[in-house]
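Colleague: Could you pick one part of this model and walk me through it closely? I would like to follow the reasoning step by step.

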Amino acid sequence: MSIELFGESGEAWFTEALKLENGIPSHDTFGNVFAAIDTGQFSECFSRWAADIAELGEGEMIAIDGKCLRGSLDKASGKAAIHMVSARATQNRLVLGQQKAGDKSNGITAIPKLASAEIDWLKERHPQWADLKSIVAVTARREERDKTTQETRYFISSMDACDPKRLGQIVRAHWGIENNLHWVLGHAFDEDAQRARAGHSAANMAVIRHIALNLVKSEKTAKVGVKNKRLKAGWDEDYLLKVVAGKPVKIKRKT
């Protein structure tokens, strides 16, 4: 409903900018389109576009992690919440790709409790991971007043396990996907409250949010956060076009 309302509120501008012939689509039309788009092909298109705009420097680290789209849970239809696995460049902070996963688990049910390069057993189970070289286990302790908590996270890596210092740097960079991607999607895009469920709409809207996030991140002139850039784009049509086009553009309105 909000997409339709936003379109209707700026109908004159959108009609001129997009050369619309039949006005703003209805709520049902938006829903039907997002439900019908093949998510795999849509994600592939996104990845190609992201590769064009991303400038990956030497030594760029790619962090991969999954996020549950809680709002996609549909108990009435017996549909479980879906998970989207995202790949993010840790230096330029752009999302490079994402894939819908049937389950957040990667299928590994038993992982050794050390950082280790002896992973022939894992390569046998997952031959598609041709560059896999090591498993890393990182234990973090948090002390707060008189309470101490401990959590161990496991990572698979294409790096050799003989350089724990470098692996530690990469793990810290990987945590950025939680703080700078998942948190932003939750805070600035209110992702957990999104209720799109029909067909492929939940996964496709996740791709749309990644597109919007990359566009907003790439726009550097407004010195505000992602949430305020989104608000500015909603209020200022010239800024919206600048974000979408990647440069200042003026729309000449008919008189």
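Modeller: Happy to! Helices and strands here are DSSP runs, numbered from the N terminus, with at least four residues for a helix and at least two for a strand. Please keep in mind that this is a predicted model.

Let's look at α8 and its surroundings. Helix α8 covers residues 201–218, and helix α4 covers residues 39–53. Their axes come within 10 Å and cross at roughly 10 degrees. Angles under 35 degrees count as roughly parallel, so α4 and α8 are roughly parallel to each other.

On the α4 side, the contact is made by T39, F42, S43, F46, W49, A50 and I53. Facing them from α8 are A203, N204, V207, I208, H210, I211, N214, L215 and S218. By class, the residues of this contact comprise 10 nonpolar and six polar, with no charged ones.

Now step back along the chain from α8. The loop that joins α7 (176–187) to α8 holds D190. The phi angle of D190 is near 50 degrees, a positive value in a residue that is not glycine. With a relative accessible area of 42%, D190 is partly exposed.

For a companion case, turn to the loop between β4 (134–144) and β5 (147–157), where R145 lies. R145 also is a residue other than glycine with a positive phi, near 55 degrees. Exposed means over 50% relative accessible area, so R145, at 89%, counts as exposed.

Technical notes
Residues numbered from 1 in each chain as written. Predicted model: local features only at pLDDT ≥ 70, side-chain atom pairs only at ≥ 80, totals over all residues. Heavy atoms only, no water. Axes fitted to C-alpha atoms, helices over the stretch in contact; angles between N-to-C directions. Parallel < 35°, antiparallel > 145°, perpendicular 65-115°, else oblique. Contact = heavy atoms within 4.5 Å. Nonpolar A, V, L, I, M, F, W, Y, C, P; charged D, E, K, R; others polar. Buried < 20%, exposed > 50% of the residue type's maximum accessible area, 1.4 Å probe, protein only.
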